[in-house]
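Trainee: Could you take me through the empty spaces of this protein in a close look, with the residues around them, and then turn to the aromatic rings?

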Amino acid sequence: MKTLEELREDMSGCGLSDYFAALAPLAKNSVQITLNIQDEDDIPLGSSKFGGHPDLPADMEWFRMDLVDIPMSFIAQINFAEVAPFDLEHKLPERGMLYFFYDCSPDGMPWGFNPEDDHGWKVYFYDGDPVALSRKDAPADLEEDDNGMLFGSARMCFEAVMELPSTESDLTNNLDFPDDDDLQDQYWEWLDESGSEICNKILGHADPVQSGMELECEYVTHKINCGTPDGYKIAKSRGLDKNAARWNLLLQVDSNEDIGMMWGDMGRLYLWITTEDLAARNFENSWLILQCG
């Protein structure tokens, strides 16, 4: 477990005390995910995992697209009972299973900047009896005509880590950072050296590939298309900027090449949820953003 004090000591030792002082009030606990690639037969039913086949309630079928009748690709299932010891801020349920499916068809892989993209993923929370779960076979048409992908399987291992937001985060837009180009370069070097090349996580702060996403989530869920600068102008004129802090990273899924997951050019999938929906366990209201290089 990495603590806030350890972050302070690390950054101070690199001459970044001013950066730490600015970012520390925004520190959050994240649950870092390490993948243990295993044959699916060796992964117990109901375990947290990426890829493979989902362990769904017996009466539930593999999720499919609403607009076209093709199956979504199974990305992950998270057993909250396994995560609970690492959720130091107690933001998640203590039990239940979260499922994440995504449209990986050639015409799919929505980016999340368009309000109409919401048909391209499925987030489902099951809080029933784990005994009722069964491992589902993939639909026969999943990979037919490249409808989607069946990814390799990997079990999740967890670690609690305190994190500071990237200066790219929209939460830092009003913070005062030192006006020193050399120090700024030093900060980015420290960030590159201290971060993981591949980073999957639950909660905490996103590791943006491009830019902050909190405002984009707020805008697009108010039916504003963020694919053009005009969308941002409309959102600002409606005063939506003040709501950025209500958006929380729920899940970050990196390009995990070892199990066949590649999001564009070494990109990442990010699931976001508002504080209100997280508290009410309305996980189906999560918003997805794809970023890549």
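Mentor: What follows goes from the pockets to the cavity, with a stop at one glutamate, and ends with the aromatic side chains. Please keep in mind throughout that this is a predicted model, and that the values below are computed from it.

Rolling a probe the size of a water molecule over the atoms shows where empty space is left. The largest pocket found in this way has a volume of about 1000 Å³, and its lining is made up of 40 residues, with Ser194, Gly195, Ser196, Cys199 and Asp207 lying nearest its centre. If you want to trace the lining along the chain, look at strand S1 (28–37), strand S8 (154–163), helix H4 (181–194) and strand S9 (200–203), each of which supplies at least two residues. Of these, H4 provides the largest share, namely six residues. In chemical character the lining of this pocket is mixed, since one can count 19 nonpolar, ten polar and eleven charged residues in it.

The second largest pocket holds about 230 Å³ of space. It is lined by 13 residues, and those closest to its centre are Asp118, Glu284, Asn285, Ser286 and Trp287. Strand S6, which covers residues 121–126, gives the most to this lining, with three residues, and by class the lining of the second largest pocket divides into six nonpolar, three polar and four charged residues.

Glu163 deserves a stop of its own, and you will find it in strand S8, one of the elements that supply residues to the lining of the largest pocket. With a relative accessible area of 10%, Glu163 counts as buried, because the limit for that class is under 20%. Its side chain has polar partners: a polar contact of 2.7 Å runs to the side chain of Lys201, and another, of 3.3 Å, joins Glu163 to the side chain of Ser30. Leaving aside residues up to four places away in sequence, Glu163 touches Leu7, Leu26, Ala27, Lys28, Ser30, Gln32, Lys201, Gly204 and His205, so that list brings in both of the polar partners, Ser30 and Lys201, again.

Apart from the pockets, there is one cavity of 30 Å³ or more, and its volume is about 80 Å³. Of the 13 residues that line this cavity, Ser169, His205, Ala206, Glu214 and Trp272 are the closest to its centre, and you may recognise His205 among them as one of the residues that Glu163 touches. Sorted by class, the cavity lining has seven nonpolar, four polar and two charged residues.

Now to the aromatic rings. A pair of aromatic rings is described by the distance of the centres and the angle of the planes. The structure holds 18 aromatic pairs, among them that of Phe63 and Phe101, whose ring centres are 5.0 Å apart and whose planes stand at 75°, so the pair is edge-to-face. This pair links distant parts of the chain, for Phe63 sits in the loop between strand S3 (55–57) and strand S4 (73–79), while Phe101 belongs to strand S5 (residues 97–102), 38 residues apart. Both rings belong to buried residues, with a relative accessibility of 14% for Phe63 and 0% for Phe101.

A further pair is formed by Tyr219 and Tyr232, with ring centres 5.3 Å apart and planes at 80°, which makes this pair edge-to-face as well. Tyr219 lies in helix H5 (residues 214–220) and Tyr232 in helix H6 (residues 229–237), 13 residues apart, so this pair too links distant parts of the chain. Here the exposure differs between the partners, since Tyr219 is buried at 0% relative accessibility, whereas Tyr232 counts as partly exposed at 29%.

Phe63 and Phe101 also take part in one aromatic cluster, which is formed by Trp62, Phe63, Phe74, Tyr99, Phe101 and Tyr124. Tyr99 of this cluster is touched by Tyr126, a residue of strand S6 that is buried at a relative accessible area of 13%. Not counting residues up to four places away in sequence, the contacts of Tyr126 also include Pro57, Gly96, Met97, Ala132 and Leu133, and its side chain reaches the backbone oxygen of Asp129 at 2.9 Å.

Methods
Residues are numbered from 1 along each chain as its sequence is written. This is a predicted model: local features need pLDDT of at least 70, side-chain atom pairs count only at pLDDT 80 or more; totals for chains, interfaces and linings use all residues. Side-chain values use heavy atoms; hydrogens and water are left out. On a 1 Å grid over the protein atoms alone, a cavity is a set of points where a 1.4 Å probe fits but cannot get out, and a pocket is an open set with protein on both sides within 12 Å along at least five of seven lines; lining residues have an atom within 4 Å of a point. Grid points are joined across faces, edges and corners, and a volume is the space filled by probe spheres set on the points. Helices (H or I, at least four residues) and strands (E, at least two) are DSSP runs, numbered from the N terminus. Ala, Val, Leu, Ile, Met, Phe, Trp, Tyr, Cys and Pro count as nonpolar, Asp, Glu, Lys and Arg as charged, and the others, Gly among them, as polar. Buried means under 20% relative accessible area, exposed over 50%, partly exposed in between (1.4 Å probe, protein chains only). A polar contact is a pair of N or O atoms within 3.5 Å; within protein, one must be able to donate a hydrogen and the other to accept it, and residues adjacent in sequence count only if both atoms are side-chain atoms. Contact means heavy atoms within 4.5 Å. Rings of Phe, Tyr and Trp (its six-membered ring) pair if their centres lie within 6.5 Å; planes under 30 degrees apart count as stacked, over 60 as edge-to-face and the rest as tilted.
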